[in-house]
Amino acid sequence: MWDYTDKVMDHFLNPRNVGFLEDADGVGEVGSMACGDALRLSFRLDAEGRIAEARFQTFGCGSAIASSSVLTEMLIGKTLEEAARITNEDIVRELGGLPRQKMHCSVMGREALEAAIVDYYRRQGKEVPCALLHEDPEICHCYQVSEHTIRDAIARHDLAEVEDVTYHTKAGGGCGQCHDEIRRLLAEYADAKAAHPPVTVDLAADTGFHREVARLLAEEVAPALRADGGDVELVAVHGRRVHVRLTGQCAACPASDATVEGWIQQRLRELLADETIVVVEEKS
Amino acid sequence: MSGLLDGLPPRPDGAVYLDNNATTRVAPEIVEAIQPYLTDVYGNPSSIHRFGAAAGRAVEEARDQVAALLGADPAEIVFTSGGSESDNLAIVGTLRAHPDKRHIVTTAVEHPAVLSLCRELESRQGYAVTYLPVDGEGHLDLDALRDALRPDTAIVSIMTANNETGVLFPVAEIGRIVREAGVVFHTDAVQAVGKLPLDVNELPVDLLSLSGHKLHACKGVGALYVRRGTRLRPLIAGGHQERGRRAGTENVPGIVSLGMACRLAAQEMETEQTQVRALRDRLEEAILAAVPDCRVNGDRERRLPNTTNISFDYIEGEGILLLLDRAGIAASSGSACTSGSLEPSHVLRAMGVPFIAAHGSVRFSLSRYTTPAEIDYTAAVVPRIVERLRAITPFDKEHATF
C-alpha cells in the first residue's frame, strides 16, 4: 500500500469543493478513462477578478482525488496571475508529499489548471498569455502526453531511455507506437547536449561562476527568449543562487515567472552546475 | 460534500479479510504444530545425529502429506521457497534438460512468475515464446494451443486457475493435447491447490507448482510436483537436498506447515466447494443487485469457488480499496494505480475488458475462515463506497469521455 501523508488521506476521505460550476468562468478538462485518471476543474471569479469558487470532478486514485481537492483550496482567493504560478510541485508540497510513482497526479492538477485559465481567456475573447499557449502536439495518444511535457522531463532529469520517459511522464506506457517519436526527442536532446557541452568552471572561485552565468545568460538563454519577444537580465549572483529579471514580453506575461524560471534554471544546470538555483525577481 | 465514509453500517469485530488469493492466514493448528520446529527440533535434516534425524523425519512426513493431497508419490515432491521458485524451476529446469528445444508455449494471463520469466527468456536468451490469447470469458482456444505446438517446443506452461478472476483452464484436456505431442506440460496450480481436488493420476501433468501461503501454511515454502521420469535440471547448485533437484538446507518449520496445510486442505475440500462457494455467490449477487453498472469479470461457472472479480464502471480501483480498508475490509484491485504500473491488469486487458471497467476492478477472495456476517457487512459497504466515488467522477453512462 502507498505511504500517503495524513493530508493526502484527509483530502481523499473528505474531498473539498466537489462538483461542477454551471456558471464557471473557466473550465479545464484533462485525462481520460483510458489514461486511468481524469480531472474536470471549473472556477468562477468575483468582481475583483479573484477566484471565488473552484470545483473539481476526478476519475482516479486516492492521490488524484486529493491533488484535485487541495488544488481547489489553493485556488480560492487568488487572482488568475497568482493561480497561473501554481506548479505541480506546489500541489505536492501542499499535500506534504506524494509517492514518486504518483507525481503524475499533481501534474494532472497543474494541466487542468492551465487548461481552465486558457479557457477563461478564450471565453473573454482575450489573447491567451504566451506561456500558456505553446504549440504542443500530443505524442503519446494512450496517455495524452504532449511534446512539451516530454521535452521538459528529458531536459529536467537528463533522460536517455524511452522507459525513463515513461516513468516520468507516462508517455509510451501504453501501445508503444510513440516510442519512435520519444526516441527522436531523446536524440534531439542528446544532440543538443553534445553541441553545447557543459562548461567546466571552478566552482570555488565565485567570480568565475558569476562571469560564466552572465555569458551563458547572454549567449544561450536570452536568444531563446527573444524569439518569443521576451528577454532576461542578470540581477545578482549569491553563491549558486542566480537572480534574474524578466523583461520584454515575458515581463507582461502573467504566467511567465514559474515557467521561465524553471527553464532558465534547467539550462544553467545543464550548461554549468547542477546545484544552480534561479530566482526570478518580482516584476517592477 | 460529506466524508466518503460517513454513514457506513456498524462493522463486525476485527478486520474482514477478503484477499486470500494474495495470501492466507496461517491456520491456528499449524501455528501450534510448527512451534517445536522453531525451538527444540532445530537440527539440520542432513545431519546424522538425533537432532538431524528428528528434523528429517518431519520433512519426510510433510512430503508424504503433500504427495497425498495430489495423489503423487512422495519422491515426486520437491520442496521450494514458494510458487515463484517452483515455476522457475519447472520452466528453466526443463529448458536446461532439453537444450536443443527453443520454444515455449504459455498464456497471456499467467501469473508474473511465469509471464515475466518467459519474457526474459524471450528477450535475453533468444527463446521463442507463444502467448496464447483468451476470450472475453477468460478461456483458451484449444485449437490455438494445438497449432502453437512445434517440434522444438520444450515446455507448455499453463495455469490451473487464474489468480485474478479465478477462471479455470481445462488442465486435463490441455495436458492430453500437450503430452500427445510429446511436450512437457507444467501447470501453475498455486491458486487451485486446496480449493479444488487435483489428482495427478487423472491429470496428465508433468510438473505442478504449489505455494504454502496460499493454503494457510507459512510464507517462504512451496513445492513442485515432478512426475517420475521427467527430465529436470536444478536451478540452485549446492548440497544434495531434495534428491539433488533443489540444494539448500530445508526450511523445516515451513515444510512442516505446508505438509499440515495439505492434510487440512484435504479435510476441508468439501467446505471450499460448499460453504465458501455459497458465501462468494452471496456476496457477488448482493453487489450485482445493489450497484448499477458493474459486472463480474470472467466465466462465472468454470471458476474457483472463493474468487469474484467485479468491475465498477467510471471509478478507479485504488480509491475503492482505500475506502474499503478504512471500513475494515481487505480486498485487491487490477487497477493500474494500486500497483504503480500504468496499465491495468494484464489479465483483464487480455480478456478485452474495456478501460472503463478494468481500472475499477476489485477482487474479493474468500477462505474457509470467512463468515456470513463478514460477507453481509461487505455487501452493505460496497454499494455505498461505489456511490460516493461515483459522485466525484466526471464520467457516467452518458459521458464516458470529455
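Reader: How should one read the packing of α6(A) against α8(A), and is the crossing of α6(A) and α8(A) left-handed or right-handed?

Author: Two packed helices are described by the angle between their axes and the distance between the axes. In this predicted model, the crossing of α6(A) and α8(A) is right-handed. The axes of helix α6 (residues 147-157) of chain A and helix α8 (residues 179-195) of chain A cross at roughly 45 degrees and come within 10 Å. That angle makes α6(A) oblique to α8(A).

Reader: Which residues of α6(A) and α8(A) meet?

Author: From α6(A), the residues are A:E147, A:I150, A:R151, A:I154 and A:A155, and they meet A:I182, A:L185, A:L186 and A:Y189 in α8(A). By class, the contact of α6(A) with α8(A) comprises 7 nonpolar and 2 charged residues, with no polar ones.

Reader: Turning to strands, in what order do the 3 strands of the open sheet in chain A stand?

Author: Strands of a sheet pair through backbone hydrogen bonds, either parallel or antiparallel. Here the order is β1-β2-β3 (chain A), in an open sheet with antiparallel pairing. β1 (26-32) and β3 (51-59) of chain A each have a single partner strand and stand at the edges, so one side of each is left without a neighbour in the sheet. From one strand to the next, the twist averages 10 degrees.

Reader: How many bridges join β1(A) to β2 of chain A?

Author: β1(A) and strand β2 (residues 37-45) of chain A run antiparallel and are joined by 7 bridges. To locate one position in the model, take A:G28, whose bridge partner in β2(A) is A:L41.

Reader: Which strands does helix α2 of chain A lie across, and which does helix α5 of chain A touch?

Author: Helix α2 (residues 62-75) of chain A lies across β2 and β3 of chain A, and its direction is at about 175 degrees to β3(A). Helix α5 (residues 103-124) of chain A also packs on the sheet, where it touches β1 and β2 of chain A. The direction of α5 makes about 140 degrees with that of β1(A).

Reader: How is the contact between the two chains to be read, and how many residues of chain A are in contact with chain B?

Author: The size of an interface is often given as the accessible area lost when the parts come together. The description here rests on residue contacts: 23 residues of chain A are in contact with 28 residues of chain B. On the side of chain A that touches chain B, α1 (6-13), β1, β2, β3 and α2 of chain A are the elements that give two or more residues. The largest share, 3 residues, comes from β3(A). By class, this side of chain A has 11 nonpolar, 9 polar and 3 charged residues.

Reader: What are the domains of each chain, and how do they touch?

Author: Chain A is assigned domain 1 (6-128), domain 2 (134-195) and domain 3 (206-280). The C-alpha centres of domain 1 of chain A and domain 2 of chain A are 24 Å apart, and their contact takes 5 residues from domain 1 of chain A and 4 residues from domain 2 of chain A. The contacting side of domain 1 of chain A has 2 nonpolar, 3 polar and no charged residues.

Chain B is divided into domain 1 (16-26 + 269-390) and domain 2 (28-265). The C-alpha centres of these two domains of chain B are separated by 27 Å. Their contact takes 24 residues from domain 1 of chain B and 31 residues from domain 2 of chain B.

Technical notes
Residues numbered from 1 in each chain as written. Chains lettered and ligands numbered in written order. Predicted model: local features only at pLDDT ≥ 70, side-chain atom pairs only at ≥ 80, totals over all residues. Domains from an automatic or database assignment. Contact = placed C-beta atoms within 7 Å. Nonpolar A, V, L, I, M, F, W, Y, C, P; charged D, E, K, R; others polar. Axes fitted to C-alpha atoms, helices over the stretch in contact; angles between N-to-C directions. Helix = DSSP H or I, 4+ residues; strand = E, 2+ residues; numbered from the N terminus. Parallel < 35°, antiparallel > 145°, perpendicular 65-115°, else oblique. Left-handed = near helix turned anticlockwise from the far one by under 90°. Pairing = 2+ DSSP bridges.
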